[in-house]
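Reader: I would like a close look at one part of this model, a strand and the elements around it. Please take me through it step by step.

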Amino acid sequence: MRRLIVGNWKMHGTGAALGEIVAVAKYVAEEAPPCDVFVCPPFTLIARATRATGGSITIGGQDCHREPSGAFTGDVSAEMLADAGARAVIVGHSERRSLHGETDLDAAMKTSAAWRAGLFAILCIGETQAERDAGQAVDIVAGQLDASLPLGANPNTTAIAYEPVWAIGTGRTPKAEEITAIHALIRERLTERLGEGGSQLRILYGGSVKPANAGSILNLPNVNGALVGGASLKAEEFVSIIRAALPSN
Ligand code: PGA
């Protein structure tokens, strides 16, 4: 399966940081690594990043509204992202869930909105530390997946990102067997729901992915890519992670 490496810039970066995205695009254009590379900068950089990279990598948003337009001050629709040049969007990120009160239903509606606008959706799910400590990780992830993924998902329009909340931005990553167990669970449910499509839909791991751990994480079964926050901000680090995703590694 062709791996997918996604950089999530979160609320980082002004025009001065565009050079980092350009450097990633240059690497991809020159080396043509056999994996898909997306960078999701803040809204304000999407059009500029699209122009500056000329299609060698996919530029995506980090969130979208469920409606195409309307009286929603401060929100941006999936159609607007597409109009700015985005071809993908992250939905249901744990920072949206915890800081903006977004629910599984919101994530499902945003995923549908992404598809409606022709965007590839990267749907995030993952348990908190308290949920893991209480032995609920499997139930939480299964419940989020069932309730956040609308009918009609397929591998060409969607990837799932498993991001344990306690691993995001903390430098802590789960043990290999913990990642393997959750990814196997997600694969099983995707296959149950989608049949053949479910076996092809990519499942990304996210949470403190760095050049030093990317190779071992990406080689775990059913880990088909990574969603990278902090380490995607510098081209050099992000390119090291892309290199770790190449099939020979
Ligand atoms: P991190 O963030 O790589 O900085 O832990 C990952 C994410 O939130 O998508």
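Author: What follows goes through one strand, its two partners and a helix that packs against it.

The model is a predicted one. The strand to look at is E3, residues 58-61. Is it buried or exposed on its two faces? Both faces are covered: on one side Thr58 and Gly60 are buried, and on the other side Ile59 and Gly61 are buried too.

Next come the partners. Strand E2, residues 35-40, runs parallel to E3, and 2 bridges join them. Within this pairing, Val39 has Ile59 of E3 as its bridge partner. To get from E2 to E3, the chain passes through helix H2, residues 43-53, in a right-handed β-α-β crossover.

E3 also pairs with strand E4, residues 88-91, again in the parallel sense and over 2 bridges. Here Gly60 is found opposite Ala88 of E4. Helix H3, residues 78-84, belongs with E3 and E4 to a β-α-β unit that is right-handed.

Finally, consider helix H1, which covers residues 18-31. From first C-alpha to last, its 14 residues reach 20 Å, close to the 20 Å expected at 1.5 Å a residue. Its buried residues are Leu18, Ile21, Val24, Ala25, Tyr27 and Val28. What do the buried residues of H1 pack against? They pack against E3, as well as E2, H2 and helix H11, residues 235-244. Just after H1 comes Ala32, with a positive phi of about 40 degrees.

Methods:
Residues are numbered from 1 along each chain as its sequence is written. This is a predicted model: local features need pLDDT of at least 70, side-chain atom pairs count only at pLDDT 80 or more; totals for chains, interfaces and linings use all residues. Side-chain values use heavy atoms; hydrogens and water are left out. Buried means under 20% relative accessible area, exposed over 50%, partly exposed in between (1.4 Å probe, protein chains only). Helices (H or I, at least four residues) and strands (E, at least two) are DSSP runs, numbered from the N terminus. Two strands pair if DSSP finds at least two bridges between them. A crossover is right-handed if, with the strands pointing away from the viewer, the path from the first strand over the helix to the second runs clockwise. The expected span of a helix is 1.5 Å times one less than its number of residues. Contact means heavy atoms within 4.5 Å.
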